[in-house]
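The following paragraphs lead the reader through one protein model, from its strands and sheets to its cysteines and charged pairs. Please keep the sequence and the structure in view while reading.

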Amino acid sequence: MYDNLFTAYENNADIRIGDRVYNKAEYGEAVHITAENPSISASYAAEGDARIYFVDPDANATYDYSGNVYDMVIIGAESGTRSKLTINQQIKLNKGGNNTYSGQFVVHNIDFDASSLTNYPLSQNWAGNFEYVMFDDCSIKCNSNGNRPLSYINAQRGFDDFNMIGCTYVSTSETQNYII
């Protein structure tokens, strides 16, 4: 058993989040978000790549990527200690042209702070449903400025599988307390 999930991943151990398993053999190299390298940004994202990010608790990490997200997993690196991630850009979930990718966005062991955004933190940016969203053991905080919930769905854009396990959700809005 590893206390540091990044170390576990680097040593080819399986990381189970919900009903899915992530390991280096299947998902490849992970990005280690540290105090010296605190941003999830365009320099790491590539269309179609399953990107795994491990966030150290003291990193004061930020999500600054403005492009489309096809397949992303963000994991707090220390078991039992949530890592903070401040969301500075809307997370644009996308399945690619002609729905090329199934779509996966997973967040585990993270204090997910989107309280400064004035728009929906999660947006489906392609017609059709994004396949899989999982928030596991997270604290999720949404904004008061834009009175927006975590995400928005309609008849053309939604989720096939949206999960929140062991999470708390806080809206700082007096009028908007919905998740979706």
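Two strands are said to pair if DSSP finds at least two bridges between them. Helices (H or I, at least four residues) and strands (E, at least two) are DSSP runs, numbered from the N terminus. The model is predicted, so to speak of local features pLDDT of at least 70 is needed, side-chain atom pairs count only at pLDDT 80 or more, and totals for chains, interfaces and linings use all residues. Residues are numbered from 1 along each chain as its sequence is written, and side-chain values use heavy atoms, with hydrogens and water left out.

The protein has 2 helices and 17 strands. Of its 180 residues, 48% are buried, where buried means under 20% relative accessible area, exposed means over 50%, and partly exposed lies in between (1.4 Å probe, protein chains only). The protein exposes about 8200 Å², and carbon and sulfur atoms supply 41% of that area; accessible areas come from the Shrake-Rupley method with a 1.4 Å probe, and for residues only the protein chains shown count as cover. Among contacts with a separation of 6 or more, 71% join residues 24 or more positions apart, a contact being heavy atoms within 4.5 Å.

The sheets come next. Strands of a sheet pair through backbone hydrogen bonds, either parallel or antiparallel. One open sheet consists of 6 strands in the order E4-E6-E9-E12-E15-E17, and the pairing is parallel. Its edge strands are E4 (39-40) and E17, each of which pairs on one side only. Within this sheet, strand E12 (residues 110-113) runs parallel to strand E15 (residues 139-142), and 3 bridges join the two. Phe112 has Ile140 of E15 as its bridge partner. On to the edge: E15 is joined to strand E17 (residues 168-171) by 4 bridges, again in the parallel sense. Here Ser139 has Thr168 of E17 as its bridge partner, and Lys141 stands opposite Val170 in E17.

Another open sheet is formed by 3 strands in the order E7-E10-E13, with parallel pairing. Strand E7 (68-69) and strand E13 (122-124) are its edges, each pairing on one side only. E7 pairs with strand E10 (residues 91-93) in the parallel sense over 2 bridges, and Asn68 has Lys92 of E10 as its bridge partner.

What is the state of the cysteines with respect to disulfides? The structure holds 0 disulfides, a disulfide being a pair of cysteine sulfur atoms within 2.5 Å. For Cys138, the nearest cysteine sulfur is that of Cys167, 4.6 Å away. Likewise, Cys167 is in no disulfide, and its nearest cysteine sulfur is that of Cys138. Cys138 is buried, with a relative accessible area of 0%, whereas Cys167 counts as partly exposed at 23% relative accessibility.

Charged side chains supply further links. A salt bridge is a side-chain nitrogen of Lys or Arg within 4 Å of a carboxyl oxygen of Asp or Glu, and a search of the whole structure finds 6 of them. In one, the side chains of Arg20 and Glu131 meet at 3.2 Å, N to O. Because Arg20 lies in strand E2 (residues 20-22) and Glu131 in strand E14 (residues 128-136), the pair ties together parts that are 111 residues apart in sequence. Arg20 is partly exposed at 23% relative accessibility, and Glu131 is partly exposed with a relative accessible area of 28%.

Which residue forms a salt bridge with Asp111? The partner is Arg82, with the closest N and O atoms 4.0 Å apart. Asp111 lies in strand E12 and Arg82 in the loop between strand E8 (71-76) and strand E9 (83-87), so this pair ties together parts 29 residues apart in sequence. Asp111 is partly exposed, with a relative accessible area of 29%, and Arg82 is partly exposed at 28%. Arg82 also forms a salt bridge with Asp137, the closest N and O atoms being 2.9 Å apart. This pair links distant parts of the chain, 55 residues apart: Asp137 is in the loop between E14 and E15, and Arg82 in the loop between E8 and E9. Asp137 is partly exposed, with a relative accessible area of 30%. Elsewhere, Glu10, Lys24 and Glu29 are joined into one network by salt bridges that share partners.
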